[in-house]
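Visitor: I'm new to reading protein structures. Could you take one part of this one and walk me through it slowly?

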Amino acid sequence: MAKVKIATTADVIANKVLKTSANGQSILVAKVGDKHCAIANKCPHFGLPMAKGKFENGVITCPFHGSKFEICTGKNVEWVESFVGIPLPGIAKKMIAMGKAPTDVANFVVTQEGNDLFIDT
Ligand code: FES
């Protein structure tokens with residue numbers, strides 16, 4: 001594992017996700033309360049980027065099919081709820097899920113040294 005700088009504390013604005021990268025992998029960083037948190041910018045449903053998703057109360061919503069993830073844990077809290085923001089009925093959710101079971105997104109422990117933020121990759 002290698003420690004990689006992903007941002008400075010000044011880069012991370014309250015209630016927003018910052019898209020950054022580490023070793024070629026796209027990463028989302030946010031500050032939730034006093035804690036900096038990071039997840040992979042890759043939805044485990046179809047591997048699409050989530051950076052443009054709604055971010056609220058520490059949870060990011062994938063802009064494609066509405067799956068929701070806690071940015072501090074990577075935990076999946078809703079799975080395939082919508083299609084480009086339009087809520088889906090149950091049968092359509094199953095079709096768009098395409099048999100994929102709810103899955104957490106990769107998350108990273110963020111460490112801070114001075115004003116610099118790091119993850120291990
Ligand atoms: S790609 Fe994210 S919910 Fe489908």
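**A hairpin and its surroundings**

Guide: Let's start at one pair of residues: glutamate 113 has aspartate 116 in β13 as its bridge partner. Please keep in mind as we go that this is a predicted model. The two strands here, β12 and β13, pair in the antiparallel sense, over four bridges. They make a hairpin with two residues between the strands, and in this hairpin glycine 114 takes a positive phi near 60°.

Now let's follow β13 to its other partner. Five bridges join β13, residues 116–120, to β1, and these two strands also run antiparallel. Within β13, leucine 117 stands opposite alanine 7. Put together, the three strands form an open sheet in the order β1-β13-β12, with antiparallel pairing. The edge strands are β1 (3–8) and β12 (110–113), and each of them pairs on one side only. On average, neighbouring strands of this sheet are turned by 35° against each other, direction ignored. As a general point, strands of a sheet pair through backbone hydrogen bonds, either parallel or antiparallel.

Side chains add to the picture here. Lysine 3 lies over the face of phenylalanine 118, at 4.8 Å from the ring centre. As for pairs of aromatic rings, the structure holds zero of them.

Next, have a look at another sheet. Four strands form an open sheet in the order β2-β3-β4-β11, again with antiparallel pairing. At its edges stand β2 (18–22) and β11 (107–108); each has a single partner strand, so one side of each is left without a neighbour in the sheet. Strand β3 (residues 25–32) and strand β4 (residues 35–40) pair over six bridges in the antiparallel sense. One place to spot this pairing is valine 32, which stands opposite lysine 35 in β4.

Where do parts of the two sheets come together? Look at the largest nonpolar core, to which β1, β3, β4, α1 (90–97) and β13 each give two or more residues. This core has 32 residues, and those that touch the most other members are Ala38, Met50, Ile60, Ile71 and Ile119. In soluble globular proteins, nonpolar side chains tend to be buried together.

Let's finish with one of those core residues. Leaving aside residues up to four places away in sequence, isoleucine 60 touches Val17, Leu28, Ile39, Met50, Gly53, Lys54, Phe55, Ser67, Lys68 and Phe69. Try finding isoleucine 60 in the view and picking out these contacts one by one, including Leu28 and Met50.

Terms used: Residues numbered from 1 in each chain as written. Predicted model: local features only at pLDDT ≥ 70, side-chain atom pairs only at ≥ 80, totals over all residues. Heavy atoms only, no water. Phe/Tyr/Trp six-rings, centres within 6.5 Å; stacked < 30°, edge-to-face > 60°. Lys NZ or Arg CZ within 6 Å of the ring centre and 35° of its normal. Pairing = 2+ DSSP bridges. Axes fitted to C-alpha atoms, helices over the stretch in contact; angles between N-to-C directions. Core = buried A, V, L, I, M, F, W, Y, C linked by side-chain atoms within 4.5 Å. Buried < 20%, exposed > 50% of the residue type's maximum accessible area, 1.4 Å probe, protein only. Contact = heavy atoms within 4.5 Å.
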